[in-house]
Amino acid sequence: MKKIFFLLIIFLFSEFSAQEKLMFWPKGEMPNSKILASKTKKKKILAELKEPELFAFLPPIKERKQMSVIIIPGGGYSKLTYDEGAFQIAKWMNTQGISAFVLNYRLPTSTDLIQREIAPLQDIQAAIKYIRKSSAQWGISPDQVGVVGTSAGGHLATMASNISKDYTELKGDWENISLIPDFAILFCPVIDLGEYAHKGSRDSLLGENASPEKIKEYSMQNLVTDKTPPTILFHNQDDTAVPPMNSILYFKAMTKNKVKGAMFIFPKGGHRFFVTDKDPLNENWKKLCADWLFTISK
């Protein structure tokens with residue numbers, strides 16, 4: 001019994017230590033910040049960050065493919081629900097041989113910010129540049145870096161996919177590194193900030209009195225072009241938090257602009273897609289996603 005307990009402790013420690021925490025902004029170069037002390041709202045839900053961070057989940061080197069993803073958790077742009085909505089997906093990605101980096105980004109509700117709506121975008125753009133610049137040390141390709149977004153994280157993933165302006169303010173050799181991801185995977189994404197908006201996400205990102213022009217600007221179906229990277233979307237028809245019309249509008253814009261991709265809307269499941277789902281229909285998202293990733297891999 002003692003031996004079993006000892007082995008269990010070793011296993012748990014090795015699992016924990018495999019999740020390396022990375023601070024990806026170059027020291028002293030993070031823009032749009034008043035440098036406020038970090039706060040934690042409650043366990044597994046982050047409310048405010050002093051500095052964004054990446055958690056690296058790497059498969060064994062012998063099983064590691066060239067592809068990697070940055071996973072962006074949701075939380076309505078007011079918190080980060082990063083455990084089941086990001087860490088579990090990262091571990092599943094590892095079973096596919098894909099390296100995963102979970103991004104805890106600055107929230108637009110943070111009192112530390114100078115300009116609220118661009119802070120999350122600055123963080124994902126900097127994270128993409130960082131992964132590409134450091135790719136050799138992990139044995140991955142700088143040209144196969146995707147984003148995975150859930151809920152409001154899906155909105156941020158589509159901002160990264162469609163906004164080519166560099167908001168990082170990084171200079172030198174950083175300037176020549178592409179900030180657009182190579183592909184995107186979206187789960188119940190917030191897309192539209194107008195008629196089909198998740199009000200909480202819109203208010204957190206743009207404020208409660210956002211102008212119609214601002215709402216249109218940050219409704220991501222309006223920014224899709226033929227340069228938008230290949231994207232797969234998953235949604236549930238009974239999602240009352242973020243209506244499935246969000247995914248439909250984005251996929252319609254993708255189709256209009258001849259962007260490669262796929263969309264799957266399941267009849268039930270609410271506002272969630274977890275690795276541990278046991279629904280006989282919904283759990284197929286994992287096979288569908290794995291097969292799609294195989295089709296776009298180089």
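## A look inside a predicted model

Of the 82 residues in the largest nonpolar core, Leu 54, Met 93, Ile 124 and Ile 185 touch the most other members. The biggest contribution to this core is made by α3, with eight residues. Keep in mind as you read that this is a predicted model.

Why might such a core form? In soluble globular proteins, nonpolar side chains tend to be buried together. Met 93 is a good residue to click on if you want to see what packing looks like. Leaving aside residues up to four places away in sequence, Met 93 touches Val 69, Ile 98, Ala 100, Val 148, Ile 185 and Leu 293.

**The chain as a whole**

Now zoom out. The chain is built with eight helices and eleven strands. It has 298 residues, and buried ones make up 53% of them. How much of the contact list comes from residues 24 or more positions apart? Among contacts with a separation of 6 or more, such pairs account for 78%. On the outside, the chain exposes about 14,200 Å², and 56% of that is supplied by carbon and sulfur atoms.

**Two buried residues with polar contacts**

Let's start with Arg 106. You will find Arg 106 in the loop between β7 (99-104) and α3 (119-138). Is Arg 106 buried or exposed? With a relative accessible area of 1%, Arg 106 is buried, because that value is under the 20% cut-off. Its side chain has polar partners: it reaches the backbone oxygen of Asn 32, and it also makes a polar contact with the side chain of Gln 122.

His 235 is our second example, and this residue sits in strand β10, which covers residues 231-236. His 235 counts as buried too, at 0% relative accessibility. The side chain of His 235 reaches the backbone oxygen of Val 242, and a polar contact joins it to the side chain of Ser 247. Here are the distances for both residues.

| Side chain | Partner | Distance |
|---|---|---|
| Arg 106 | Asn 32, backbone oxygen | 3.3 Å |
| Arg 106 | Gln 122, side chain | 3.4 Å |
| His 235 | Val 242, backbone oxygen | 2.7 Å |
| His 235 | Ser 247, side chain | 2.7 Å |

Which residues does His 235 touch, not counting those up to four places away in sequence? Its neighbours include Cys 188, Pro 189, Phe 264, Phe 266 and Phe 273.

**Cysteines and positive phi angles**

Cys 188, one of the residues that His 235 touches, deserves a visit of its own. Cys 188 lies in the loop between β9 and α5 (199-206). This cysteine is buried, with a relative accessible area of 2%. Another cysteine, Cys 289, is buried as well, at 0%. How many disulfides does a search of the whole structure find? The result is zero.

Cys 188 has one more feature to show you. Most residues other than glycine have a negative phi. Cys 188, however, has a positive phi of about 45° although it is not a glycine. Glu 169 also has a positive phi, near 65°, and is likewise a residue other than glycine.

Where is Glu 169 placed? Look in the loop between α4 (152-162) and β9 (183-187). Glu 169 has a relative accessible area of 52%, so it counts as exposed, the cut-off being over 50%. Cys 188, by contrast, is buried.

Conventions
Residues are numbered from 1 along each chain as its sequence is written. This is a predicted model: local features need pLDDT of at least 70, side-chain atom pairs count only at pLDDT 80 or more; totals for chains, interfaces and linings use all residues. Side-chain values use heavy atoms; hydrogens and water are left out. Helices (H or I, at least four residues) and strands (E, at least two) are DSSP runs, numbered from the N terminus. Buried means under 20% relative accessible area, exposed over 50%, partly exposed in between (1.4 Å probe, protein chains only). A polar contact is a pair of N or O atoms within 3.5 Å; within protein, one must be able to donate a hydrogen and the other to accept it, and residues adjacent in sequence count only if both atoms are side-chain atoms. A nonpolar core is a set of buried Ala, Val, Leu, Ile, Met, Phe, Trp, Tyr and Cys residues joined through side-chain atoms within 4.5 Å. Contact means heavy atoms within 4.5 Å. A disulfide is a pair of cysteine sulfur atoms within 2.5 Å. Accessible areas come from the Shrake-Rupley method with a 1.4 Å probe; for residues, only the protein chains shown count as cover.
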